[in-house]
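Student: I have a new model open and would like to go through it with you. Can we take it step by step?

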Amino acid sequence: MMSRIWTIARGVVADSLRRKVVYIVFVFAALLAMAIPSLPSYGLGVEDAVYREVALALSFATALVLSLSLAANRVPSEVEHRTVYNVISKGVGRWEYLVGSWLGVFVVTGGAIAVFTAVEQVIAVLRYGDAMWQLWQGALAVWLEMGVIAAFAVAVSAITGPVVVVTASLAMLFIGHSRSTLLGGEGALALRPFYPSLDAFNVVNPVAHGSGVPALYVASMLAVFAGFAGLALAVGVALFSRRDL
């Protein structure tokens, strides 16, 4: 079972590396990262904090573009080109195919975030003489959130095309970070336990302006990731199982 899922995931990784979008996104992101120290809004004594904040924002934007570009089109493209039939006819379950597709996107996104964070660290050392290891906590938060977004995108892609997938995923991202804005006041308190908030992955302030987050908070991020990603994939598997291929 796990070998079949991992085989599909490796196929997604190999296919992703052949697509130019991965390298184009990374090159532009790296160029932007190198330009961060030249931003004119730096204040005396807070340059390193501003650098970390902008670096996290760039990591998030890069990972979001990459994750959606891969997750939104994977299943619809294989259904359209009928290559999915070759996979399923070899005894691979639909749920294994869907989970393996998500896992491949998750691995590619994680690799890109890791490389991008390493580039940011090199720039930090050269510019500020500080390795800024707390950037890796921000990278982990971004990766886990992209895992949730990718799971949602793969689930939606089980029944519809890339445009709807991207639109729905961006809407989900907005809703996930707008609990207090959309509900507000007493409504937020009443619906708080049921609202799909992604705020657990927002560690910009402690990483950029503090000393990072404690291990217990990292564990809570992992729990939120497992819950949301697992739920999205379960819904996606249910939808894909009922789809008439």
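## Salt bridges, core and surface

Tutor: Start with one pair: glutamate 78 and arginine 74 are both buried. Keep in mind that this is a predicted model.

Student: How far apart are the closest N and O atoms of glutamate 78 and arginine 74?

Tutor: These two side chains form a salt bridge. They sit four residues apart in helix H3, so about one helical turn separates them. The closest N and O atoms are apart by 3.2 Å.

Student: Which residues are joined with them into one network of salt bridges?

Tutor: Salt bridges that share partners build the network. Arginine 74, for example, also forms a salt bridge with aspartate 15, with the closest N and O atoms 3.0 Å apart. The network consists of Asp15, Arg18, Arg74 and Glu78.

Student: Is aspartate 15 buried, exposed or partly exposed?

Tutor: Buried means under 20% relative accessible area, and exposed means over 50%. Arginine 74 has 13%, so arginine 74 is buried. Aspartate 15 has 24% relative accessibility, so aspartate 15 counts as partly exposed.

Student: How many salt bridges are there?

Tutor: Each needs a side-chain nitrogen of Lys or Arg within 4 Å of a carboxyl oxygen of Asp or Glu. Glutamate 96 and arginine 4 pass, with their closest N and O atoms 2.8 Å apart. By this rule the count is four.

Student: How many residues apart in sequence are the parts that glutamate 96 and arginine 4 tie together?

Tutor: Glutamate 96 lies in helix H5, residues 94-128. Arginine 4 lies in helix H1, residues 2-18. The pair therefore ties together parts whose separation in sequence is 92 residues.

Student: Of glutamate 96 and arginine 4, which is buried?

Tutor: Arginine 4 has 35% relative accessibility and counts as partly exposed. Glutamate 96 has 3%. The cut-off for buried is under 20%, so the buried one is glutamate 96.

Student: Which residues does threonine 117 contact, leaving aside neighbours within four places in sequence?

Tutor: Threonine 117 is in helix H5. Its relative accessible area is 1%, so threonine 117 is buried. Its contacts are Leu135, Trp136 and Ala139.

Student: How many residues of H6 are buried?

Tutor: Helix H6 covers residues 135-157, 23 residues in total. It reaches 32 Å from its first C-alpha to its last, close to the expected 33 Å. H6 is mostly covered, and its buried residues number 18 of 23.

Student: Which residues touch the most other members of the largest nonpolar core?

Tutor: In soluble globular proteins, nonpolar side chains tend to be buried together. The largest core here has 67 residues. Helices that each supply at least two residues of this core include H1, H3, H5 and H6. The members that touch the most others are Trp102 and Phe225.

Student: What does phenylalanine 225 touch, not counting residues up to four places away in sequence?

Tutor: Phenylalanine 225 belongs to that core. One of its contacts is Trp102. The full list is Trp102, Phe106, Leu144, Gly147, Val148, Phe201 and Gly230.

Student: Now the surface. How much accessible area does the nonpolar patch with isoleucine 24 have together?

Tutor: Isoleucine 24 is in helix H2. At 46% relative accessible area, isoleucine 24 is partly exposed. The patch also holds Val27, Phe28, Leu31 and Met34. Together they have about 510 Å².

Conventions
Residues numbered from 1 in each chain as written. Predicted model: local features only at pLDDT ≥ 70, side-chain atom pairs only at ≥ 80, totals over all residues. Heavy atoms only, no water. Buried < 20%, exposed > 50% of the residue type's maximum accessible area, 1.4 Å probe, protein only. Expected span 1.5 Å × (residues − 1). Contact = heavy atoms within 4.5 Å. Core = buried A, V, L, I, M, F, W, Y, C linked by side-chain atoms within 4.5 Å. Patch = residues over 30% accessible without salt bridge, like charges linked within 9 Å, V, L, I, M, F, W, Y side chains within 5 Å. Areas by Shrake-Rupley, 256 points an atom, 1.4 Å probe, with all protein chains shown as cover.
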